[in-house]
Amino acid sequence: MTDFAAARRNMVDGQVRTADVTDLRVIAAMDEIPRERFLPASFAPLAYLDLDLPVDEGNCARRLLKPMVLGKLLQAAELEATERVLDVACASGYSAAILARIAGHVVALEEDRGLAERAKANLRGLANVEVVSGALTAGWADGAPYDVILLEGATEIVPEHLLQQLRDGGRLLCIQGGGPDAKATLYRKSDDGIGTRPIFDARAPILPGFRKAAVFAF
């Protein structure tokens, strides 16, 4: 039988801390939240490997981000305890559970109805998390503006609708691009517009609605 608590400590010490994640709040949350509970039973034994893991046995395109990637994105967000966060493509709710330990309020957005129901069940009892259903590309305007938006996967396009839902000083974090040159990217909104900064190399599946339109050459 897998010792999940020991595996979780090894994940934090061997994958997260060694990737220069020093934010003690992020480390504590990842050490406390049982990642295996957010995965199908068949994938639970793999919960603490350095992998993007499928959240649905019938849809392997939707995955939890690698622990190292999630930890570094959360650290780069520089979250404050009073801030509002939009977690886009929350899937089964793992990232929202971690965010709830750090931020003031989390809106967890999922367009897949089955995953949204699982997220609601997994996050039940967390008073500062709200699970909502809708198109990922549209964000959730009813809860805007947000201090931080986390996109749980890759995008080939600039997420314009999401950026519009940031308050001044707000940050959006995502993985930009779908190939070997993909980068974890930080967008920051200010009076001067939107600034963009690549922060580290990372890859993840491209989320529904976030692919570039196909261009046909004749």
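A cavity here is a set of points, on a 1 Å grid over the protein atoms alone, where a 1.4 Å probe fits but cannot get out, and a residue counts as lining when it has an atom within 4 Å of a point. Points are joined across faces, edges and corners, and a volume is the space filled by probe spheres set on them. By this rule there are two cavities of 30 Å³ or more. The model is a predicted one, so to speak of local features takes a pLDDT of at least 70 and side-chain atom pairs count only at 80 or more, while totals for chains, interfaces and linings use all residues. Residues are numbered from 1 along each chain as its sequence is written, and side-chain values use heavy atoms, with hydrogens and water left out.

The largest cavity holds about 50 Å³ of space. Its lining is made up of A61, R62, R63, L64, L65, E152, G153, P205 and L207. Two elements, β2 (63-64) and β6 (146-155), each give two or more residues to that lining; strands are DSSP runs of E with at least two residues, helices are runs of H or I with at least four, and both are numbered from the N terminus. Sorted by class, the lining has five nonpolar, one polar and three charged residues, where Ala, Val, Leu, Ile, Met, Phe, Trp, Tyr, Cys and Pro are nonpolar, Asp, Glu, Lys and Arg are charged, and the others, Gly among them, are polar. The second largest cavity has about 40 Å³, and around it sit L64, L65, L70, Y94, S95 and E152.

Now for a space that is open. A pocket is an open set of points with protein on both sides within 12 Å along at least five of seven lines. The largest pocket offers about 160 Å³, and its lining consists of I33, P34, R37, F38, A97, R101, N122 and L126. Five of these residues are nonpolar, one is polar and two are charged.

Next come two helices. Helix α3 (residues 67-77) is mostly covered, with eight of its eleven residues buried, buried being under 20% relative accessible area with a 1.4 Å probe and protein chains only. In helix α5 (residues 113-123), the buried residues are L115, A116, A119 and L123. Viewed down the axis of α5, these fall within an arc of 100°, so they line one face of the helix; the arc is taken from the directions from the helix axis to the C-beta atoms. Their cover includes α4 (94-102), β4 (105-110) and β5 (129-133). At the N-terminal end, D112 acts as a cap, with a side-chain oxygen 3.0 Å from the backbone nitrogen of G114.

E36 sits in the loop between α2 (24-32) and β1 (53-54), and it counts as buried because its relative accessibility is 13%. The side chains of E36 and Y48 share a polar contact of 2.3 Å, that is, a pair of N or O atoms within 3.5 Å, where within protein one must be able to donate a hydrogen and the other to accept it, and residues adjacent in sequence count only if both atoms are side-chain atoms.

Finally, some backbone oddities. Most residues other than glycine have a negative phi, and most peptide bonds are trans. A89 has a positive phi near 70°, and A91 one of about 55°. The peptide bond from A144 to P145 is cis, with omega near 5°.

Definitions and conventions: Buried < 20%, exposed > 50% of the residue type's maximum accessible area, 1.4 Å probe, protein only. Contact = heavy atoms within 4.5 Å.
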